[in-house]
Amino acid sequence: MKIKKGDLVQVITGRTSDADKAAERGLKAGDKGKQGRVLQVFPESQRVLVEGVNRRTHHLRPTQAGGAGGIEQREAPIHVSNVALVDPEDNKPTKVGFRVETIELENGRTKQTRVRYSKRSGKDI
């Protein structure tokens, strides 16, 4: 996967996050356009957990251990194809590319590493 834990991503599909535009069409505001940090990555299901995006209501039952019941908001995973990495230079969504760089070690040997970069600006991520 090209998106890792801790990356800043933007939701690129779904209902718009602009409440006025959504109300004009008789819809509720969604998450499109929102930005957030990736909290967790699920590679087997190709989903990511993004901070403040795709919030769902979760009902909690009171427990004997002292936990009070109630209703809380939790983030739910979103498919990785619905988010795009944010370019560190201009804070707009970008595609991710990989380039192979060779690094000289202190003992004279060389090592090749894959580096992620923003295709929009060309800067390393």
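Let me start with a term: buried means under 20% relative accessible area, exposed means over 50%, and partly exposed is in between, with a 1.4 Å probe and protein chains only. By that rule Asp90 is partly exposed, at 34% relative accessible area.

Now the ground rules. This is a predicted model, where local features need pLDDT of at least 70, side-chain atom pairs count only at pLDDT 80 or more, and totals for chains, interfaces and linings use all residues. Residues are numbered from 1 along each chain as its sequence is written, and side-chain values use heavy atoms, with hydrogens and water left out.

Back to Asp90, and to salt bridges. Side chains of opposite charge can pair when their charged atoms come close. A salt bridge here is a side-chain nitrogen of Lys or Arg within 4 Å of a carboxyl oxygen of Asp or Glu. The structure holds eight of these salt bridges.

One of them joins Arg120 and Asp90, with the closest N and O atoms 2.8 Å apart. Arg120 is in the segment after E10 and Asp90 is in the loop between strand E7 (83–86) and strand E8 (93–94), so the pair ties together parts that are 30 residues apart in sequence. Strands, for the record, are DSSP runs of E with at least two residues, and helices are runs of H or I with at least four, numbered from the N terminus. Arg120 is partly exposed, at 44% relative accessibility.

The next salt bridge is Arg55 with Glu75, at 2.9 Å between the closest N and O atoms. Arg55 lies in strand E4 (residues 55–60) and Glu75 in strand E5 (residues 70–75), so this pair ties together parts 20 residues apart in sequence. Arg55 is partly exposed at 38%, and Glu75 is partly exposed at 25%.

Glu72 and Arg74 also form a salt bridge, 2.7 Å from N to O. There is a network too, in which salt bridges link Arg99, Glu101 and Asp124.

Arg99 has a second role in this talk. Its charged end sits over the ring of Tyr117, 4.6 Å from the ring centre. The rule for that is NZ of Lys or CZ of Arg within 6 Å of the ring centre and within 35 degrees of the ring normal. Arg114 lies over the face of Phe98 in the same sense, at 4.1 Å from the ring centre.

Arg114 also takes part in strand pairing: it is the bridge partner, in E10, of Val100. Strand E9 (residues 96–104) pairs with E10 in the antiparallel sense over nine bridges, where pairing requires at least two DSSP bridges between the strands. The E9 and E10 hairpin has five residues between the strands, and Gly108 there has a positive phi near 90 degrees.

Just past that hairpin, what does Ser121 reach? Ser121 is in the segment after strand E10 (110–118). Its side chain makes a polar contact of 3.0 Å with the side chain of Asp87, and it reaches the backbone nitrogen of Lys123 at 3.4 Å. A polar contact is a pair of N or O atoms within 3.5 Å; within protein, one must be able to donate a hydrogen and the other to accept it, and residues adjacent in sequence count only if both atoms are side-chain atoms.

Last, is Asp7 buried or exposed? Asp7 is buried, with a relative accessible area of 9%. Its side chain makes a polar contact with that of Arg116, at 2.9 Å.
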